[in-house]
Amino acid sequence: MKFFIDTASLDEIRAAAELGVLDGVTTNPSLIAKIVRDPSNFTYSDFKEHIAKICDIVDGPVSAEVTTLKAEEMIAQGEDLAAIHENVVVKCPLTVDGLKAIRHFSQQGIRTNATLVFSPNQALLAAKAGADYVSPFVGRLDDISTDGMGLVEQIVTMYDNYGYLTEVIVASVRHPQHVVEASMIGADIATIPYPVIRQLANHPLTDAGLKKFMEDAAVMKR
Ligand code: G3P
C-alpha cells in the first residue's frame, strides 16, 4: 500500500519524507490556501513554484489541482501544471467538464487524479475516461452519515471486475482507522494528513512498555 501525504506544507512533507514512508503528495486549493501567509500577494506563478518545491522533496506523484470549471480552461491549466515536473499529476474534479479534461490528458500521456468523488458511478466514469487515480473522499461522506469506506469497497470491486488500472486513493482521511480499513479493502493508496501519519506510530502499550524498559535500563552502569 502506498502512503501519500495530504498537505501543501513543505515542513510536513519533509517530516513525513524523513520517516521513509512517503510515496507521493496530494494538494488541493484549500490545502494551498492554508499555507499562504499573504493571500493578496500569492500569484499563480507562486503556486507553480510551490508545486516545484514539493517535487524537489518527494520523488513520487504530486497532485496539483486545476482551479477552473470549464474543460478547455482545465486543459490549458493542466498542461501548464504538468510542465512543472514529470511527477506532477493533474487533479481534476469529477464533473462532466472534468471528465473531458481527463480524457484529453490521458490521450496526451499526462497523468490525472479525479477528485471530489462521492459515488461508485463517478469512480466508474473516472476509470473509463482514463484517470490514473481516483480520489473518493471518505471523511466527508462519514460527515454526512454515509459509509465512506463502503464507497471505497465498491470502487475496488468494480475496478477489479473489469481490470481497470486506475489506482484508488482513499482521501479525506481523518484518523488511523481509515488507514486500516483502506488497507483491508485493498485500496492502492491512502493520502493522509501529517498528524494522522504520526498517530499511526502511536500505541499506549508501546509508551507504557518503553517507560518500563527505560526505568529498568537505568540500573545498568553507563
Ligand atoms: O484529499 C482530500 C482532502 O484534502 C479533503 O480532506 O478533511 O478536507 O475532507 P477533508
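When I say buried this morning, I mean a residue under 20% relative accessible area. Keep that cut-off in mind, because Cys55 comes out at 5% and therefore counts as buried. One thing to say up front, everyone: this is a predicted model.

Let me begin with the chain as a whole. The secondary structure amounts to eleven helices and eight strands. Along the principal axes, the C-alpha trace spans about 70 × 45 × 30 Å. There are 222 residues in the chain, and buried ones make up 45% of them. As for the surface, the accessible area is about 11,700 Å², with 53% of that belonging to carbon and sulfur atoms. And if you take the contacts between residues at least 6 apart in sequence, 57% of them join residues at least 24 apart.

Back to the cysteines, then. How many disulfides does a search of the whole structure find? Zero. Why is Cys55 not bonded to Cys92? The cysteine sulfur closest to that of Cys55 is the one in Cys92, and it sits 16 Å away, which is too far for a bond. Looking from the other end, the sulfur of Cys92 has Cys55 as its closest partner, again at 16 Å. For comparison, the cut-off for a disulfide is 2.5 Å between the sulfur atoms. Both residues are tucked away from the surface: Cys55 is buried at 5%, and Cys92 is buried at 0%.

Next door to Cys92 in the numbering we have Lys91, in strand β4, which runs over residues 88–93. Is Lys91 buried or exposed? Buried, with a relative accessible area of 3%. Leaving out neighbours within four places in sequence, the contacts of Lys91 include Thr26, Thr27 and Asn28. Lys91 also reaches Ser63, Ala64, Glu65 and Val66, and then Asn113 and Thr115.

Strand β4 comes up again when we turn to helix α4, residues 71–82. The buried residues of α4 pack against β4, and also against α3, β3 and α5. Which residues are those? They are Ala71, Met74, Ile75, Gln77, Gly78, Leu81 and Ala82. I also like the length check on this helix: at 1.5 Å a residue, its twelve residues should span 16 Å, and the end C-alpha atoms are indeed 16 Å apart.

Now two more buried positions, each in a helix. Ala126 lies in α6, residues 120–129, and is buried at 0% relative accessible area. Beyond four places in sequence, Ala126 touches Leu94, Leu99, Ala114, Ala131, Val134 and Tyr159. The C-alpha atoms of Ala126 and Thr95 are 9.6 Å apart, with these positions 31 residues apart along the chain.

Met158 is in α8, residues 148–162. Met158 is buried too, at 17%. Outside the four-place window, the contacts of Met158 are Pro120, Asn121, Leu124 and Tyr164. Take Leu124 from that set: although Met158 and Leu124 are 34 residues apart along the chain, 7.5 Å separates their C-alpha atoms.

A quick word on backbone angles. Leu116 is not a glycine, yet has a positive phi of about 60°. Leu116 belongs to strand β5, residues 112–117, and at 33% relative accessibility counts as partly exposed. Ser172 is another non-glycine residue with a positive phi, in this case near 60°. Where is Ser172 found? In the loop between β7 and α9. At 10% relative accessibility, Ser172 counts as buried.

Ser172 brings me to the ligand, my last stop. What surrounds the ligand? Ser172 is one of the residues there, along with Asp6, Asn28, Leu31, Phe137, Arg140, Ala171, Arg174 and Thr191. You may recall Asn28 as one of the contacts of Lys91. Three side chains have polar atoms that I would like to point out. For Asp6, a side-chain N or O atom is 2.6 Å from an oxygen of the ligand. For Ser172, a polar side-chain atom is 2.7 Å from a ligand oxygen. For Arg174, the corresponding distance is 2.9 Å, again to a ligand oxygen. On its own the ligand has 300 Å² of accessible area, and the protein covers 80% of that.

That's my tour. Thanks for listening, and I'm happy to take questions.

How values were computed
Residues are numbered from 1 along each chain as its sequence is written. Side-chain values use heavy atoms; hydrogens and water are left out. Buried means under 20% relative accessible area, exposed over 50%, partly exposed in between (1.4 Å probe, protein chains only). Helices (H or I, at least four residues) and strands (E, at least two) are DSSP runs, numbered from the N terminus. Contact means heavy atoms within 4.5 Å. The expected span of a helix is 1.5 Å times one less than its number of residues. A residue is near a molecule or strand if one of its heavy atoms lies within 4 Å of it. A polar contact is a pair of N or O atoms within 3.5 Å; within protein, one must be able to donate a hydrogen and the other to accept it, and residues adjacent in sequence count only if both atoms are side-chain atoms. Accessible areas come from the Shrake-Rupley method with a 1.4 Å probe; for residues, only the protein chains shown count as cover.
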